[in-house]
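Okay, thanks everyone for coming. Today I'd like to walk through some charged pairs and then one more side chain. Let's put the structure up.

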Amino acid sequence: MYEYRKLTPEQRKELVKQRLAKGFPPHSPPHPIQIEAFYLLTVACYEHQPYISTPYRRQELLNLIFEQFINTGFDIRAWVILPNHYHLLVYVDKFAELSRLFNTIHGRTSRYWNLEDQVKKRKIWYRFSDRMVRNDQHYYQILNYLHFNPVKHDYVQSPYDWKESSIHWYLEDYGRQWLRDAWVQYPVKDYGKDWDD
């Protein structure tokens, strides 16, 4: 989105032409793989503005995500909600339902937060992107990546200090040693470089 703005009108036209030739939408993230599998789903606030900056809003969003996803039968395995974006690790068996779910979640939160901030018609969300999980190693690397995300973005010193993260689920169910072993066995390394900076 941000690189597109730097292009000349001719470059934009050529880029859209290339995207359409590949079967991608002209401007939104493509969803080329839509099979039953685990996915990393990522949603950013429009222009990466920190619209989810309070713990209350992060919890409100998380509650709505769980309500909508669970009521539709999706299996959420991990999550992290940050001030300007969020990630979910979800088993998706009905890919076509994702757009409807995100529209509901984002429509409600946009309405609430715009009323709360006394702003009209402010755009809160950008479209979602997805990455299909390839194998067990990729799955656990994503799990670690989500839990480490608040540290990566300099919100906290330790992943355990961020409240709106599934690390607390894993800590309670599996313990700190299991989390440490998973971190050592499936290191994050450069995961997220160039798309979650």
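So, to start: which side chain does arginine 122 meet in a salt bridge? The partner is aspartate 117, with 2.8 Å from N to O. Keep in mind that what's on the screen is a predicted model.

Now, are these two buried or exposed, or something in between? Arginine 122 sits at 19% relative accessibility, and the cut-off for buried is under 20%, so arginine 122 counts as buried. Aspartate 117, on the other hand, comes out at 33%, and that makes it partly exposed. And this pair has company: Arg57, Glu116, Asp117 and Arg122 are joined into one network by salt bridges that share partners.

How many salt bridges are there by this rule? The count is eight. I'll go through a couple of others.

Next up, arginine 108 and glutamate 67. They form a salt bridge too, and here the closest N and O atoms are 3.3 Å apart. What does that pair tie together? Arginine 108 is in helix α4, which runs over residues 97-116, while glutamate 67 is in helix α3, residues 55-71, so the salt bridge links parts that lie 41 residues apart in sequence. As for the surroundings, arginine 108 is partly exposed, at a relative accessible area of 33%. Glutamate 67 is partly exposed as well, at 38%.

Then there's a pair within one helix. Arginine 100 makes a salt bridge with glutamate 97, and the closest N and O atoms are 2.9 Å apart. Why is that easy to picture? Both residues belong to helix α4 and they're three residues apart, so about one helical turn separates them. In general, side chains of opposite charge can pair when their charged atoms come close. On accessibility, arginine 100 is at 39%, which is partly exposed. Glutamate 97 has a relative accessible area of 25%, also partly exposed.

Okay, last stop, away from the charges. Have a look at helix α5, residues 136-152, and find asparagine 144 there. Is asparagine 144 buried or exposed? Buried: its relative accessibility is 4%. And which residues does asparagine 144 touch, leaving out those up to four places away in sequence? You'll see Ala182, Trp183, Tyr186 and Val188. If you rotate the view to asparagine 144, you can pick out those four contacts one by one.

That's my tour, happy to take questions.

Notes
Residues numbered from 1 in each chain as written. Predicted model: local features only at pLDDT ≥ 70, side-chain atom pairs only at ≥ 80, totals over all residues. Heavy atoms only, no water. Salt bridge = Lys/Arg side-chain N within 4 Å of Asp/Glu carboxyl O. Helix = DSSP H or I, 4+ residues; strand = E, 2+ residues; numbered from the N terminus. Buried < 20%, exposed > 50% of the residue type's maximum accessible area, 1.4 Å probe, protein only. Contact = heavy atoms within 4.5 Å.
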